[in-house]
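Please consider the structure shown below together with its sequence. The explanation that accompanies it proceeds from the chain as a whole to particular elements.

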Amino acid sequence: MYFAAMIAGQPTIINLSKQHSILNEWMYEIRSVDIQTDRMRFRRNLERIAEIAAFEISKHLPYVKKTCITPLGRATCHVLEQQPVVATILRAGLPMHQGLLNYFDKADNAFISAYRKHHEDGSFHINLEYLSCPPLEGRYLIICDPMLATGASLVKSIELLLECGQPAQIHVVAAIACTVGIDHLRRHIPQAYVWAGDIDEELTAKGYIVPGLGDAGDLAFGSKQQQ
């Protein structure tokens, strides 16, 4: 269903696992309890998944012709019309942010601190405490977060980013997305494209994706004191 959703003739929700590629090997490794505890490997796999997404996104950005001088003459090439802005939600998004930068190495960058503030009744709200962002008016914004679960933190983060200007396009990159979070995102940020390593259907009462992979931030960087 999501792979077929369209805006201007292009899919807006792209499940990268539907394509037969090496990405599926990395998805297996970040999900597997026997492999994911290797933190360096886990971070590197998130980075590589983001690299695949960066390459796919690059096909949908505008290019201009540019002539360069080679040792033997002149060559006309196509280069990006403008560099994108690569944004991440701290801390879990850092490996994927690096993966995007490996391809968009001249990009401007934005960083957001967003986390779930839990209450005694088991509910939570999203705390936003930090934003560093260049002007976004007319830019191509790419924001990454490994897990698109409820979609609450992502929507609030994008809404905060939009205070810096209206981008020409918004691309969301996630290792795993849940249909619940995708629906929430589409209701609030309908213009966004979503590039997911895979899409799962179930969400627990505490907002974890099933089967998912667990807590991406803890797997990448170690456990934390729960707020």
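The following paragraphs treat the overall make-up of the chain, then its helix packing, and finally some local features.

The model is a predicted one. Its chain contains six helices and 14 strands. Of the 227 residues in the chain, 48% are buried. Among contacts with a separation of 6 or more, 62% are between residues 24 or more positions apart.

Helix H1 offers a starting point. This helix spans residues 23-31, and its buried residues are Leu23, Trp26, Met27, Glu29 and Ile30. Viewed down the axis of H1, these buried residues fall within an arc of 165 degrees, so they line one face of the helix. A general property of helices is relevant here: an α-helix has 3.6 residues a turn, so residues three or four places apart point the same way. The buried residues of H1 pack against H2, strand S11 (169-178) and strand S12 (193-200).

How do H1 and H2 meet? Two packed helices are described by the angle between their axes and the distance between the axes. For H1 and H2, the axes come within 10 Å and cross at roughly 145 degrees, and the crossing is left-handed. On the H1 side the contact involves Leu23, Trp26, Met27, Glu29 and Ile30, which meet Arg41, Phe42, Asn45, Leu46, Arg48, Ile49 and Ile52 in H2. By class, the residues of this contact are eight nonpolar, one polar and three charged.

The residue Ile22 lies in the loop between strand S3 (13-15) and H1. Is Ile22 buried, partly exposed or exposed? With a relative accessible area of 48%, Ile22 is partly exposed, because the category of partly exposed runs from 20% to 50%. Ile22 is also 26 residues from Arg48 in sequence, while the C-alpha atoms of the two are 9.8 Å apart in space. Arg48 is itself one of the H2 residues that meet H1.

Helix H2 (residues 39-58) also packs with helix H3 (residues 94-103), at an angle of about 45 degrees and with the axes 7 Å apart. The two helices are therefore oblique to each other, as angles between 35 and 65 degrees fall in the oblique class. The crossing of H2 and H3 is right-handed. In H2, the residues Arg43, Leu46, Glu47, Ile49, Ala50, Glu51, Ala54 and Phe55 meet Pro95, Met96, Gln98, Gly99, Leu100, Asn102 and Tyr103 in H3. This contact comprises nine nonpolar, three polar and three charged residues. Leu46 and Ile49 of H2 take part in the contact with H3 and also in the contact with H1.

Further along the chain, helix H5 covers residues 179-188, with Thr179, Gly181, Ile182, His184 and Leu185 as its buried residues. The buried residues of H5 pack against S3, strand S10 (147-148), helix H4 (152-161), S11 and S12. Strands S11 and S12 thus appear among the partners of H5 and among those of H1.

Where are cis peptide bonds found in the backbone? One joins Leu90 and Arg91, with omega about 0 degrees. Arg91 lies in the loop between strand S6 (85-90) and H3. Another joins Val210 and Pro211, again with omega about 0 degrees. Pro211 is located in the loop between strand S14 (209-210) and helix H6 (216-221).

Definitions and conventions:
Residues are numbered from 1 along each chain as its sequence is written. This is a predicted model: local features need pLDDT of at least 70, side-chain atom pairs count only at pLDDT 80 or more; totals for chains, interfaces and linings use all residues. Side-chain values use heavy atoms; hydrogens and water are left out. Axes are lines fitted to C-alpha atoms, for helices over the stretch in contact, and angles run from 0 to 180 degrees between N-to-C directions. Helices (H or I, at least four residues) and strands (E, at least two) are DSSP runs, numbered from the N terminus. Angles under 35 degrees count as roughly parallel, over 145 as roughly antiparallel, 65 to 115 as roughly perpendicular and the rest as oblique. A crossing is left-handed if the near helix is turned anticlockwise from the far one by less than a right angle, and right-handed if clockwise. Contact means heavy atoms within 4.5 Å. Ala, Val, Leu, Ile, Met, Phe, Trp, Tyr, Cys and Pro count as nonpolar, Asp, Glu, Lys and Arg as charged, and the others, Gly among them, as polar. Buried means under 20% relative accessible area, exposed over 50%, partly exposed in between (1.4 Å probe, protein chains only). The arc is that of the directions from the helix axis to the C-beta atoms.
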